[in-house]
Amino acid sequence: GEDWAAIDIAGGTENIAPVGPALAASDAVVLCVPADADGAVLAAPYLRMIEEADVPAIIFVNKTDAPVSRMSETVSALQSYSRHHIVLREVPIREGEDIVGVVDLVSERAWKFHEGEPSTLMEIPAAVRAREEEARAELLESYADFDDALLEEIIEDQKVMPEEVYDVASKTLQHHDLVPAFIGSAEHRNGITRLMKALRHEAPTVDVAAERLAGKAVAVSAVADVVKHLGKTVLVRAIGGKVSGGQTLGGDNVGSITDLDAKTALGALEPGAIGLTVKSDHLAAGQMFSKKSAKPLPDWAQPHPSAYRRIVTVVHEKDDSRLSTALDRLGEIDPGLGVSQDEKSGSPVLATQGPLHLRRVMAKLNDDFGIEVEEGPVPPALRETIRRGKEVHYRHRKQSGGAGQFADVVVELKPEARGSGFA
């Protein structure tokens, strides 16, 4: 019965450009990794960005229906890339090699998985009891580092009640003191309810996101797109104030605001709410807005330079004049796209995060702008520079009737300091 919004970003290094703006607009992040230690570490660039952004994070170890590694091994592999301690909040219940349920280490209750249905309560199997007690002790010790009352109870060997642990868990997530890890299989709907309950009770409110941006932002733009019949739309989240259609934001007026379906009109966005701004070309992705100005997000939110460079040419000559306009529009909505010009041919050169990113850009040119393009390697240019000086002396004489020609020519070449250009 609660409304949640998730900005879903696919994995892989080619999809990392929009991560920064998405983090800036979010209260918390769920990093999904496979139940395979070698596969999980491929998420290291994302984990490092989360660390830099200081956004409260939860790790969800997915695909536990076909685990390759033990949960502890997967967490240990990720720990190398996190300054914050990663703690398991659940341990698996196994039947042979299959994971059939989990034990919640806070409530000490066991849940049995069912295909495509919510989990049900079950007794903690005797075979799991020792592992559960060991893992719970580790969890409590980690939480006790941030709560004196809990530390005192552990030292005095008192029974720690689940309600106390949940309170500490909420506090540590909101302050980004620890990174809790949950397990499940999203495809089979296993473990999702437990994850959502953790978000519901432990994730911070929008005030924390506002504080992270130094309290200066009225709103943050996370994603931009080009929608047919609407033009450029920018996904905006109100952070430090209300955002209404027609009000001044980023130094100019907002056109109108719609829901995520781009159809339902919204009068205003209260702090924490998200919506699409329409007919607001002065807004762009990856910015934070006050009423009078738009500023780039902090350095941690900026994409790394795109290094995959390919030259693009139109298939039909009639599209040549429209291509540069279309690429300018795409550059506004895609933070990972760089556009330049090849000096030799004059054709555009696209710098993308990789071949898959390039393919998406080409598809968008075709689908949204009706421009079909082909891509190829940027032609190499051989350039040489002189390394030592030389003086050439030549005397020119020519007499072929009438006035004669005479010139005394001295040409002197010498290298300038490296990087100073050509003179």
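This report describes the overall form, the charged side-chain contacts and two backbone features of a predicted model.

## Overall form

The protein has 423 residues, of which 43% count as buried. Its secondary structure comes to eleven helices and 24 strands. Along the principal axes, the C-alpha atoms fill a box of roughly 115 × 55 × 40 Å. The radius of gyration is 29 Å, whereas a compact globule of 423 residues would have a value near 22 Å.

## Salt bridges

Side chains of opposite charge can pair when their charged atoms come close. In the whole structure, a search finds 16 salt bridges, and three of these pairs are set out below, each with its nitrogen-to-oxygen distance.

| Pair | N to O distance | Separation in sequence |
|---|---|---|
| E202 and R89 | 2.9 Å | 113 residues |
| K242 and E270 | 3.5 Å | 28 residues |
| D408 and R395 | 3.2 Å | 13 residues |

The salt bridge between E202 and R89 has an N to O distance of 2.9 Å. This pair links distant parts of the chain, with E202 in helix α8 (residues 192-202) and R89 in the loop between β3 (85-88) and β4 (90-95). Are these two residues, E202 and R89, buried or exposed? Both E202 and R89 are buried.

A salt bridge also joins the side chains of K242 and E270. Because K242 lies in the loop between β10 (231-238) and β11 (243-244), while E270 lies in the loop between β15 (268-269) and β16 (274-278), the pair ties together parts that are 28 residues apart in sequence. K242 has a relative accessibility of 44% and therefore counts as partly exposed, and E270, at 43%, likewise counts as partly exposed.

In the pair formed by D408 and R395, the side chains meet at 3.2 Å, N to O. D408 belongs to strand β24 (residues 405-413) and R395 to strand β23 (residues 390-398), so this salt bridge ties together parts that are 13 residues apart in sequence. With a relative accessibility of 44%, D408 counts as partly exposed, as does R395 with 42%.

Salt bridges also occur as a network, in which D225, K364 and D368 are linked.

## A negative surface patch

Which residues form the negative surface patch? The patch is made up of D65, E95, E97, D98, E115, E117 and E187. One of its members, D65, is placed in the loop between β2 (57-62) and α4 (71-79). The relative accessibility of D65 is 37%, so this residue counts as partly exposed.

## Residues with positive phi

Two residues that are not glycine deserve a look at their backbone angles. E108 has a positive phi of about 55° although it is not a glycine, and E108 sits in the loop between β5 (98-104) and β6 (109-114). Its relative accessible area of 28% makes E108 partly exposed. R189, also a residue other than glycine, has a positive phi near 65°. The position of R189 is in the loop between β8 (178-183) and α8, and R189 is partly exposed, with a relative accessible area of 46%. Helix α8, which follows that loop, also holds E202 of the buried salt bridge described above.

Methods
Residues numbered from 1 in each chain as written. Predicted model: local features only at pLDDT ≥ 70, side-chain atom pairs only at ≥ 80, totals over all residues. Heavy atoms only, no water. Salt bridge = Lys/Arg side-chain N within 4 Å of Asp/Glu carboxyl O. Helix = DSSP H or I, 4+ residues; strand = E, 2+ residues; numbered from the N terminus. Buried < 20%, exposed > 50% of the residue type's maximum accessible area, 1.4 Å probe, protein only. Patch = residues over 30% accessible without salt bridge, like charges linked within 9 Å, V, L, I, M, F, W, Y side chains within 5 Å. Areas by Shrake-Rupley, 256 points an atom, 1.4 Å probe, with all protein chains shown as cover. Lys, Arg positive; Asp, Glu negative; His and termini not counted. Charge placed at Lys NZ, Arg CZ, Asp CG, Glu CD. Rg over C-alpha atoms; globule rule 2.2 N^0.38 Å.
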